[in-house]
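I opened this notebook to keep track of what I looked up, one short entry at a time. Feel free to follow along with the model open beside you.

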Amino acid sequence: MAELTIRADLSALATIAEFLAEELNGSGDELIFALQLAVDEACSNTILYGYPDGEAGTITVGCTVDDEAVCVTIADDGVAFNPLNAPQPSLDTPVEERPIGGLGVHFIRTVTDRVSYARIGDRNVLSMEKRRPASP
């Protein structure tokens with residue numbers, strides 16, 4: 001498993017996207033985009049809400065690629081939070097009437113094939129899997 005550990009800071013999101021692009025090279029643009037989107041959403045939420053009072057924290061992104069699937073794991077030392085418990089957004093409500101935010105977990109669920117959460121010790125661990133397209 002390839003891993004990247006970075007400071008939990010919004011400026012690190014580009015570094016995470018580059019790491020994923022390198023690790024997923026050859027997996028197809030659609031798969032790379034989907035996982036970059038899901039990881040960006042998860043890491044952004046961690047950075048913005050996981051460290052109250054301006055605490056410094058870290059995020060570790062791990063990536064495993066095999067012939068059938070890609071698995072990305074995000075571990076952070078922020079406040080315990082299971083994003084999968086977030087309510088589903090009301091997509092039927094007109095955009096101008098919806099509260100700001102709340103779509104990140106929806107995007108993660110939509111663009112990945114499997115997602116799970118665990119609190120392990122003092123770390124949040126979010127795992128996402130995306131099946132690779134069959135070779136022609």
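**Entry 1: cysteines**

How many disulfides does the structure hold? I am working with a predicted model, and in it I found zero disulfides. Cys-71 is in no disulfide, and I looked up its nearest cysteine sulfur: that of Cys-63, 8.2 Å away. A pair of cysteine sulfur atoms has to be within 2.5 Å to count as a disulfide, so I could not pair them up. I also checked Cys-43, which is buried because its relative accessible area is 1%, and the cut-off for buried is under 20%.

**Entry 2: the fold in outline**

Next I went through the secondary structure. I have three helices and five strands in the chain. Reading from the N terminus, I wrote down the order β-α-α-β-β-α-β-β.

I then asked what share of the contacts with a separation of 6 or more joins residues 24 or more positions apart. The value I noted is 63%.

**Entry 3: surface and interior**

The chain has 136 residues, and 37% of them count as buried. For the outside, I noted an exposed area of about 8,000 Å². Carbon and sulfur atoms supply 52% of that area.

**Entry 4: the cavity**

I searched for cavities of 30 Å³ or more and found one in the structure. The largest cavity holds about 40 Å³ of space. Which residues line the largest cavity? My list reads Leu-13, Ile-16, Ala-17, Leu-20, Gln-36, Val-39 and Asp-40. Two elements give two or more residues to this lining: helix 1 (13-23) and helix 2 (29-49). Helix 1 has the largest share, with four residues. By type, I sorted the lining into five nonpolar residues, one polar and one charged.

**Entry 5: Thr-73**

My last stop was a threonine, Thr-73, which sits in strand 3 (residues 69-76). Is Thr-73 buried or exposed? Its relative accessible area is 16%, so Thr-73 is buried, given that the cut-off is under 20%.

I also wanted to know what Thr-73 is in contact with, leaving aside its neighbours within four places in sequence. I noted Thr-60, Val-61 and Gly-62, and also Val-125, Leu-126 and Ser-127. For my own picture of this spot, I keep the two notes together: Thr-73 belongs to strand 3, and its contacts include Val-61 and Leu-126.

Note on methods. Residues are numbered from 1 along each chain as its sequence is written. This is a predicted model: local features need pLDDT of at least 70, side-chain atom pairs count only at pLDDT 80 or more; totals for chains, interfaces and linings use all residues. Side-chain values use heavy atoms; hydrogens and water are left out. On a 1 Å grid over the protein atoms alone, a cavity is a set of points where a 1.4 Å probe fits but cannot get out, and a pocket is an open set with protein on both sides within 12 Å along at least five of seven lines; lining residues have an atom within 4 Å of a point. Grid points are joined across faces, edges and corners, and a volume is the space filled by probe spheres set on the points. Ala, Val, Leu, Ile, Met, Phe, Trp, Tyr, Cys and Pro count as nonpolar, Asp, Glu, Lys and Arg as charged, and the others, Gly among them, as polar. Buried means under 20% relative accessible area, exposed over 50%, partly exposed in between (1.4 Å probe, protein chains only). Contact means heavy atoms within 4.5 Å. Accessible areas come from the Shrake-Rupley method with a 1.4 Å probe; for residues, only the protein chains shown count as cover.
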